[in-house]
Amino acid sequence: MAFFLALVCILILLAIASYVQYTRWQKGKGRFGGHGRSAPLKLPPGSMGWPYLGETLQLYSQDPSFFFASKQKRYGEIFKTHLLGCPCVMLASPEAARFVLVTQAHLFKPTYPRSKERMIGPSALFFHQGDYHLRLRKLVQGALGPDALRALVPEVEAAVRSTLASWDAGHVRSTFHAMKTLSFDVGIVTIFGGRLDERRKAELRKNYSVVEKGYNSFPNSLPGTLHYKAMQARRRLHGVLCDIMRERRGQAQAAGTGLLGCLMRSRGDDGAPLLSDEQIADNVIGVLFAAQDTTASALTWIVKYLHDHPKLLEAVRAEQAAVREATGGGRQPLAWAHTKSMALTHRVILESLRMASIISFTFREAVADVEYKGFLIPKGWKVMPLFRNIHHSPDYFQDPHKFDPSRFQVAPRPSTFLPFGHGVHACPGNELAKLEMLVLIHHLVTGYRMTHGWLLPLSMGLRL
Ligand code: HEM
């Protein structure tokens, strides 16, 4: 009996909450008439689900791709929903993604939960827009631009060789973990320019892995919880980075190469340092964070796609065998020019990025009421361009569920291929990520053979 009474009370409360929320949205709709038009703008189609819960349970109880795809099928390229306590507008067309991320980017700011900002560091590039973001972005782009990458090829190759050597020694837990080790190592050489001693590197690795474990945990400050441990590790990371900066300032060859050097040398118009140590540390942690799991996931998917397409694997192997010849059978190091001659491998990378769509969507928040194609995107609502929906739409990619690298012999239509985002916040690390993939694939297919889900070195006597 008590149970039924409780149930009835909950239902009544939900009904009241629904009504309150509904009337709030209705009132909001009235507000949206003030655009110099006679009729108020309407919200996009879609469903807001239960009060407060919205459609969060639906999203988490099924494959998220299915959730977004079925909504798109029902409502079209723009629809509303309510997730994790926030009203959202989802956008599933290249035109809409361009509107939010490129042409009207000033109307949509990056948005992340406060707890995530505190964990990465509130001054990190991707939390900002406007002047600070632009200046910082120029510095990061410079450190990851073609000249810097050309010089990084030997370091990337050394990291790849060392990862593969650890596989030979049997230290592989899973492909993804192995790829994470690689992408962390490449992140470290990119940031510190190959001038970091092993002790410092181990300190960074250890603390960073604790931060990572707590990143998605419930935010609270209870000692012993994953979140608490992650925040403690974050403080230690910050300390290590400040020590490294202090040491570098005391050395003849101050600052050094790599992203850290660029950030430390940056000066404002008055000649004073542009960034404080705090801001530099936040950005170093931010870049490590942006670089590691993304690249590791892409590498893992590439291994899987190659494994699943033996004919393609043979063709990639033939292309890479020719490159190996050009390096004297692997006796000379790979050079930038070699990586530019890997056309088929490059297409495999692009197709893997399309198929896997590692970053399925991104978040922004409307900073004002915005009209898009006659619909209103209200101020304060989250806005999500759905990259995966665009990548998997037959309107832009013929037979989208087929793994077919040859589709990239022709450049995709503008704003349809967005694995690295679009516009002012598009990934500045995309060329580095592709370089890492090319170098890994080169060594993988010329030195290993895939059999029954295992990678075996050719040196074990197995034939190709
Ligand atoms: C396959 C690997 C990668 C993928 C798929 C990827 C994807 C993305 C995407 C989609 C964005 C834009 C997010 C948004 O608009 O909200 C982004 C931003 C960013 N990425 Fe990457 N990324 C990868 C690798 C890297 C690497 C290797 C680095 C650095 C070494 C990096 C650094 C960044 C930074 C700093 C931003 C923020 C840029 C800004 O806000 O201006 N990423 N990435």
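This is a guided walk through a predicted model, starting at the ligand and moving outward through its helices and loops.

Let's begin with the ligand. It is surrounded by 26 residues, and the closest of them are Ala290, Thr294, Gly421, Cys427 and Gly429. Four helices each supply at least two residues of this shell: α6 (131-143), α8, α12 and α17 (430-447). Helix α12 gives the largest share, with six residues. Sorted by class, the shell holds 17 nonpolar, eight polar and one charged residues.

Two of those helices, α8 and α12, also pack against each other. Helix α8 covers residues 175-192 and helix α12 covers residues 277-308; their axes lie 8 Å apart and make an angle of about 140°. The two helices are therefore oblique to each other, and their crossing is right-handed. If you would like to find the contact on screen, look on the α8 side for Thr175, Phe176, Met179, Lys180, Ser183, Phe184, Gly187 and Ile191. On the α12 side, the partners include Val284, Val287, Leu288, Ala291 and Gln292, with Leu299, Thr300 and Val303 also among them. Taken by class, the residues of this contact between α8 and α12 are eleven nonpolar, six polar and two charged.

A short way back along the chain from α12 comes helix α11, residues 258-265. This helix is mostly covered, with six of its eight residues buried. The buried ones are Gly258, Leu259, Leu260, Cys262, Leu263 and Met264. What do they pack against? The buried residues of α11 meet α6, α8, α10 (226-249) and α12.

Helix α17, another contributor to the ligand shell, has a packing partner of its own in helix α7 (residues 146-168). The axes of α7 and α17 come within 9 Å and cross at roughly 45°. That angle makes α7 oblique to α17, and the crossing is right-handed. From α7, the residues involved are Leu149, Val156, Glu157, Val160, Arg161 and Leu164. They meet Glu431, Leu432, Leu435, Glu436, Val439, Leu440, His443 and Gly447 in α17. The residues of the contact of α7 with α17 divide into eight nonpolar, two polar and four charged.

Now turn to a single residue, Ala96, which is found in helix α4 (residues 94-103). Is Ala96 buried or exposed? Because 21 C-beta neighbours lie inside 10 Å, Ala96 counts as buried. Leaving aside neighbours within four places in sequence, Ala96 is in contact with Glu77, Ile78, Leu91, Tyr372 and Pro385. The fold also brings together parts of the chain here: the C-alpha atoms of Ala96 and Leu386 are separated by 9.6 Å, although these residues are 290 residues apart along the chain.

Finally, two loop residues deserve a look for their backbone angles. Leu84 has a positive phi of about 45° although it is not a glycine. You will find Leu84 in the loop between β1 (78-83) and β2 (86-91). With 13 other C-beta atoms within 10 Å, Leu84 is partly exposed. Lys373 is also not a glycine, and it has a positive phi of about 50°. Its place is in the loop between β5 (370-372) and β6 (375-377). Lys373 has 12 other C-beta atoms within 10 Å, so it is exposed.

Notes:
Residues numbered from 1 in each chain as written. Predicted model: local features only at pLDDT ≥ 70, side-chain atom pairs only at ≥ 80, totals over all residues. Axes fitted to C-alpha atoms, helices over the stretch in contact; angles between N-to-C directions. Parallel < 35°, antiparallel > 145°, perpendicular 65-115°, else oblique. Left-handed = near helix turned anticlockwise from the far one by under 90°. Contact = placed C-beta atoms within 7 Å. Nonpolar A, V, L, I, M, F, W, Y, C, P; charged D, E, K, R; others polar. Near = placed C-beta within 6 Å. Buried ≥ 20, exposed ≤ 12 C-beta atoms within 10 Å, placed from the backbone.
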